[in-house]
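Student: Hi, got a minute to go through a structure with me? I'd like to start with a pocket.

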Amino acid sequence: MDVKLLDMERIDELHRNQYKIIQNPQGFCFGMDAVLLSGFAKVEKGERVLDMGTGTGIIPILLEAKTQGEHFTGLEIQEYSVDMARRSVLLNNLQEKVEIVLGDIKTASKQFGRSVFDVVTANPPYMNEEHGLPNPDRAKAVARHEVLCTLEDVVRESAAVLKPGGRFYMVHRPRRLIEIIGVLSKYRLEVKRMKPVYPSIEKEANMVLMEAVRGGKALMRMEAPIIVYTAPGVYSKEIYEIYGY
């Protein structure tokens, strides 16, 4: 389906089901963290998924391509991002499977109701007030800094909209791991799987992927890490597989 592109927008290939996505390089484009999260999250046949702070809609679109989930909803507060994501849904003829909704993470449970989703995904802002000044570009600041919502907002509302036994998937920074686990436990989301991501084998982890279960028991599995580069500029086999090259 033909869709209108606005000034500075472009169409990028996603290498999955011939899907494409609209992005604006002058704004916030999706990164590797979103793609890794879409590869880490498990969605079973017939399940319904909510992506918190969906931005361009990358995670719902990729999860629709990779899984047999029944329906995928992306929640986003920035109107321009909502419009762009909706046009990406139309571009891929996914209107029956993917819906982009304008709304605030902080009130997601009021907007959707409680205990309605099987899976919730989140690629939230990594930086709080302790991590420098927000980017002067509004879209980038909202995506990277806790300007419009905090980690606790994301976790609280995710727990509320999840069904009992539902799964929460998040990508975040290892430096906040102690805080993250504490907040998850506060809202009865128990971490079941954790997977660190290393830029290369010589460097420390800069991302961590997590699965938590609403009402789950306190038993966690640490999975083998993802190594992004095997040599300068050379992606590992796992990265190529996750991207679908």
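Student: What classes of residue make up the lining of the second largest pocket?
Tutor: This is a predicted model. In it, that lining has five charged residues, three nonpolar and two polar.

Student: Which residues are they?
Tutor: The charged ones are Arg-114, Arg-156, Glu-157, Arg-188 and Arg-214. Ala-159, Ala-160 and Tyr-187 count as nonpolar, and Ser-109 and Ser-115 as polar.

Student: Which helix gives the most to that lining?
Tutor: Helix 6, residues 151-161, with four residues. Arg-156, Glu-157, Ala-159 and Ala-160 are lining residues that fall in that range.

Student: And what volume does the pocket have?
Tutor: The second largest pocket has about 150 Å³.

Student: Switching topic: how do helix 1 and helix 2 pack?
Tutor: Helix 1 (residues 32-40) and helix 2 (residues 58-66) have axes 9 Å apart, at an angle of about 35 degrees. Their crossing is right-handed.

Student: Which residues meet there?
Tutor: From helix 1 you have Ala-34, Val-35, Leu-37, Ser-38 and Gly-39. Helix 2 brings Ile-58, Ile-59, Leu-62, Leu-63 and Lys-66. By class, this contact has seven nonpolar residues, two polar and one charged.

Student: Last thing: what is the mean pLDDT of the chain?
Tutor: The mean is 92, and 91% of the residues reach 70 or more.

Student: Where does pLDDT stay under 50?
Tutor: Over residues 133-138. The model has twelve contacts beyond four places in sequence for that stretch. Where pLDDT is low, predicted coordinates should not be read in detail.

Notes
Residues numbered from 1 in each chain as written. Predicted model: local features only at pLDDT ≥ 70, side-chain atom pairs only at ≥ 80, totals over all residues. Heavy atoms only, no water. 1 Å grid on protein atoms, 1.4 Å probe; cavity = no way out; pocket = protein on both sides within 12 Å on 5 of 7 lines; lining within 4 Å. Points joined across faces, edges and corners; volume = space filled by probe spheres on them. Helix = DSSP H or I, 4+ residues; strand = E, 2+ residues; numbered from the N terminus. pLDDT = per-residue confidence, 0-100. Contact = heavy atoms within 4.5 Å. Axes fitted to C-alpha atoms, helices over the stretch in contact; angles between N-to-C directions. Left-handed = near helix turned anticlockwise from the far one by under 90°.
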